[in-house]
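Q: I'm new to this one and would like to go through it slowly. Could you put it up so that we can talk it over?

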Amino acid sequence: MNAQPEPEVQVERDGAVAIVTLNRPRALNALSSTLMKALASALDELEASPDIRAIVLTGGPRAFAAGADISEMKDLASGKAARAALSEHLARWDRVGRLKKPVIAAVAGYALGGGCELALACDLVVAAEDAVFGQPEVQLGVIPGAGGTQRLTRAVGKALAMDMVLTGRRLAAREALERGLVSRVVAPEVLLDEAKRLARRLAELAPLALRAAKLSVAAACDRGLDSGLKAEREAFYGLFDTSDQAEGMRAFVEKRPPVFEGK
Ligand code: CAA
């Protein structure tokens with residue numbers, strides 16, 4: 001009998017805490033539309049479960065997620081159909097940002113591109129000492145499209161956000177802690193335990209107070225977020241009309257350096 005393939009998004013319930021694990025290790029948890037769809041529907045279900053009060057979102061030891069799936073995006077060109085596909089895909093990051101229940105990202109290894117943006121959409125980020133954060137999209141001829149230019153800038157400020165978004169500079173966990181991208185750094189072997197401990201603590205607290213606390217903190221830093229996200233998304237879609245996007249993404253898949261021509 002053929003073994004069933006493992007689901008790309010696994011959900012484990014532990015009392016009032018749910019642990020959601022991205023499970024596509026061979027592609028370093030690249031966030032394909034199938035995976036993000038499964039993630040969104042898992043989150044919808046957990047949001048609707050009265051017995052779940054806090055969520056941990058995690059990946060594997062090598063990667064939380066290495067970004068949106070480049071092989072899936074490489075042949076997309078600007079145009080109504082591509083725009084609709086991208087728009088549906090990117091809305092799933094917003095789904096994480098709009099969760100009513102508290103969500104903790106537990107990040108080990110790479111959190112790049114859409115992976116970094118996924119962590120940034122969570123309420124708390126706990127990082128393993130080996131975690132690496134970055135927005136390398138310019139190296140593919142595009143920009144962060146799932147909120148990176150907005151949430152990263154709000155988290156770390158303009159100077160460092162510019163450096164990361166324009167040059168692809170990566171931050172190691174300790175630097176990410178110093179610069180406010182994450183709030184706790186722990187040894188890789190205790191990452192999940194620490195995130196679960198935190199989630200259990202949140203699960204004991206008053207859910208309505210936590211919800212109000214989330215919204216209030218978001219009001220302090222997310223003012224203008226929707227229009228910022230809209231501007232980012234328009235710029236992102238527009239870049240799918242350039243040959244540099246096609247070149248950048250094909251070069252990644254073909255494992256060669258890209259040659260950009262500014263068109
Ligand atoms: N999409 C698709 N596949 C990916 C991927 C991605 N984002 N990241 C890694 N993979 C795949 C690789 O193609 C490779 O597959 P094969 O074994 O079939 O060749 C496998 O995962 C392992 O990756 P590497 O061999 O590259 O591993 P490495 O250790 O040499 O490098 C890495 C690791 C530095 C993370 C490198 O994989 C990398 O640079 N990945 C891409 C990071 C990136 O550019 N992310 C942004 C994506 S665009 C985006 O996210 C847009 C947005 O804002 C929504």
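Q: Thanks. To start somewhere, in which helix does Gln245 lie?
A: Gln245 lies in helix α11, and please keep in mind throughout that we are looking at a predicted model.

Q: Is Gln245 buried or exposed there?
A: Gln245 counts as buried, because its relative accessibility is 1% and the cut-off for buried is under 20%.

Q: What does the side chain of Gln245 reach?
A: The side chain of Gln245 reaches the backbone oxygen of Met73, at 3.4 Å.

Q: Staying with that helix, where is Arg250?
A: Arg250 has its place in helix α11 as well, which covers residues 243-253. With a relative accessible area of 36%, Arg250 is partly exposed, whereas Gln245 in that helix counts as buried at 1%.

Q: And how far apart are Arg250 and Glu204?
A: Along the sequence Arg250 and Glu204 are 46 residues apart, and in space they are 48 Å apart, taken from C-alpha to C-alpha.

Q: What comes after α11, say at Lys255?
A: Lys255 sits in the segment after α11, and its phi is near 55°, which is a positive value in a residue other than glycine.

Q: Buried or exposed, that Lys255?
A: Lys255 counts as exposed, because its relative accessibility is 77% and exposed means over 50%.

Q: Switching to the ligand, which residues come nearest to it?
A: There are 25 residues around the ligand, and those that come nearest are Arg62, Gly114, Glu117, Glu137 and Lys255. Lys255 is thus a residue we have already met, in the segment after α11.

Q: What is the distance between the ligand and the side chain of Lys255?
A: An oxygen atom of the ligand is 2.7 Å from an N or O atom in the Lys255 side chain.

Q: Which backbone atoms have a ligand atom at a listed distance, for instance at Ala66 or Ala68?
A: A polar backbone atom of Ala66 is 3.0 Å from a nitrogen atom of the ligand, and a polar backbone atom of Ala68 is 2.9 Å from an oxygen atom of the ligand. As for cover, the ligand on its own has 980 Å² of accessible area, and the protein covers 72% of that.

Q: Which pocket is that space?
A: The space that the ligand takes is the second largest pocket.

Q: What classes of residue make up the shell around the ligand?
A: The shell is made up of 14 nonpolar residues, seven charged ones and four polar ones. In terms of elements, α2 (70-73), β6 (110-112) and α4 (114-121) each supply at least two residues of that shell.

Q: You mentioned β6, so which strand holds Tyr110, and is Tyr110 far from Leu198 or near?
A: Tyr110 lies in strand β6, and its C-alpha atom is separated by 22 Å from that of Leu198, a residue 88 positions away along the chain. Tyr110 is partly exposed, with a relative accessible area of 28%.

Q: New topic: where is Lys101, and is it buried or exposed?
A: Lys101 lies in the loop between α3 (80-97) and β5 (103-107), and Lys101 is buried, since its relative accessible area is 13% and buried means under 20%. Its C-alpha is 6.2 Å from that of Arg53, although the two residues are 48 apart in sequence.

Q: One more loop, then: where is Leu28?
A: Leu28 has its place in the loop between β2 (17-22) and α1 (33-48). The phi of Leu28 is near 50°, a positive value in a residue other than glycine.

Q: Last one, what about Leu239?
A: Leu239 lies in helix α10, residues 225-239, and counts as partly exposed at 23% relative accessibility. The C-alpha atoms of Leu239 and Gly115 are separated by 20 Å, with their positions 124 residues apart along the chain.

Notes: Residues are numbered from 1 along each chain as its sequence is written. This is a predicted model: local features need pLDDT of at least 70, side-chain atom pairs count only at pLDDT 80 or more; totals for chains, interfaces and linings use all residues. Side-chain values use heavy atoms; hydrogens and water are left out. A residue is near a molecule or strand if one of its heavy atoms lies within 4 Å of it. A polar contact is a pair of N or O atoms within 3.5 Å; within protein, one must be able to donate a hydrogen and the other to accept it, and residues adjacent in sequence count only if both atoms are side-chain atoms. Accessible areas come from the Shrake-Rupley method with a 1.4 Å probe; for residues, only the protein chains shown count as cover. On a 1 Å grid over the protein atoms alone, a cavity is a set of points where a 1.4 Å probe fits but cannot get out, and a pocket is an open set with protein on both sides within 12 Å along at least five of seven lines; lining residues have an atom within 4 Å of a point. A molecule sits in a cavity or pocket if more than half of its atoms lie within 2 Å of its grid points. Helices (H or I, at least four residues) and strands (E, at least two) are DSSP runs, numbered from the N terminus. Ala, Val, Leu, Ile, Met, Phe, Trp, Tyr, Cys and Pro count as nonpolar, Asp, Glu, Lys and Arg as charged, and the others, Gly among them, as polar. Buried means under 20% relative accessible area, exposed over 50%, partly exposed in between (1.4 Å probe, protein chains only).
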